[in-house]
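Hi,

Here is the structure I said I would pass on. Have a look at it first, and then read my notes below.

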Amino acid sequence: MTNRSTRRTVLLATGASALLAGCSNYGDSNNSSASSPSAAAPSGQELAATSDIPVGGGKVFKEQKVVVTQPTKDEFKAFSAICTHLGCTVNSVSGGTINCPCHGSKYSIENAAVEAGPAPRPLPAKKITVEGNSIRLA
């Protein structure tokens with residue numbers, strides 16, 4: 001008796017492969033470096049002018065893997081831009097939340113608390129300094 005692949009087993013194998021690929025960290029070709037020291041943005045690096053961060057909103061700095069928000073006038077906060085669900089990079093700030101495109105997680109611009117899952121925990125805080133109109137990584 002020979003083992004022949006049936007159409008059903010080929011379709012099941014193909015579907016399983018596609019499902020597993022869909023659970024990968026798409027959109028982040030170098031996620032493996034996210035936890036390495038060399039991936040961290042250098043201390044003192046200027047990120048933006050204060051005027052670049054809208055009140056009640058924020059801006060994602062993908063290269064530095066950080067998101068800066070301004071929940072209220074002249075109050076600036078910074079958080080990791082790496083989603084705590086599967087490591088995708090958040091891509092927008094709108095409606096009072098920091099948003100991940102991969103599976104819909106949303107975080108508060110105030111404290112990065114999870115407002116919508118599947119993220120299991122808040123985004124870690126990052127240290128910044130505001131000097132004059134310049135926002136820098138601390």
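**Salt bridges**

Searching the whole structure turns up three salt bridges. Before I go through them, keep in mind that this is a predicted model.

The one I'd look at first joins the side chains of R136 and E46, with an N to O distance of 3.8 Å. This pair ties together distant parts of the chain, since R136 belongs to strand β10 and E46 to strand β1, 90 residues apart. R136 counts as partly exposed at 29% relative accessibility, and E46 is partly exposed too, with a relative accessible area of 42%.

Next comes K73 with D74, where the closest N and O atoms are 4.0 Å apart. Here K73 is exposed, at 64% relative accessible area, and D74 is exposed at 58%.

The remaining bridge is between the side chains of K77 and E75, at 3.4 Å from N to O. K77 is partly exposed, with a relative accessible area of 27%, and E75 is partly exposed with a value of 27%.

**The sheet with β1, β10 and β9**

The R136–E46 pair takes us straight to a sheet. It is an open one of three strands, ordered β1-β10-β9, and the pairing is antiparallel. At its edges are β1 (46–49) and β9 (128–131), each of which pairs on one side only. Ignoring direction, neighbouring strands in this sheet are turned by 25° against each other on average.

β1 and β10 (residues 134–137) run antiparallel and are joined by three bridges. One thing I liked: E46 has R136 as its bridge partner in β10, and the side chains of R136 and E46 also meet in the salt bridge above.

On the other side, β9 and β10 are antiparallel and share four bridges, with E131 partnered by S134 in β10. These two strands make a hairpin with two residues between them, and G132 in the turn has a positive phi of about 65°.

**The sheet from β5 to β8**

There is also an open sheet of four strands, in the order β5-β6-β7-β8, with antiparallel pairing. Its edges are β5 (92–94) and β8 (114–116); each has a single partner strand, so one side of each has no neighbour in the sheet. From one strand to the next, the twist averages 35°.

If you want a place to start in this sheet, take β5 and β6 (residues 97–99), which pair in the antiparallel sense over three bridges. V93 has I98 as its bridge partner in β6.

**Cores**

I98 turns up again inside the protein. The largest nonpolar core has 15 residues, and F79, V90, I98, C100, Y107 and L123 have the most contacts within it. Which residues does L123 touch, leaving out those up to four places away in sequence? They are F79, S80, I82, C83, T84, I98, Y107 and A112. A second core, separate from this one, has eleven residues, including L47, F61, V68 and F76.

**Loops worth a look**

Two residues other than glycine caught my eye for their backbone angles. K65 has a positive phi of about 60°, and D74 has a positive phi near 65°. K65 is in the loop between β2 (57–61) and β3 (66–72), while D74 is in the loop between β3 and β4 (75–80). Is each of them buried or exposed? K65 is buried, with a relative accessible area of 13%, whereas D74 is exposed at 58%. D74 is also the residue that forms the salt bridge with K73.

Last on my list is E110, in the loop between β7 (106–108) and β8. At 38% relative accessibility, E110 counts as partly exposed. Setting aside neighbours within four places in sequence, E110 is in contact with P71, K77 and F79. Of these, K77 takes part in the salt bridge with E75, and F79 is among the residues with the most contacts inside the largest core. E110 is also 9.1 Å from G56, C-alpha to C-alpha, although the two are 54 residues apart in sequence.

Cheers

Terms used. Residues numbered from 1 in each chain as written. Predicted model: local features only at pLDDT ≥ 70, side-chain atom pairs only at ≥ 80, totals over all residues. Heavy atoms only, no water. Core = buried A, V, L, I, M, F, W, Y, C linked by side-chain atoms within 4.5 Å. Buried < 20%, exposed > 50% of the residue type's maximum accessible area, 1.4 Å probe, protein only. Contact = heavy atoms within 4.5 Å. Pairing = 2+ DSSP bridges. Axes fitted to C-alpha atoms, helices over the stretch in contact; angles between N-to-C directions.
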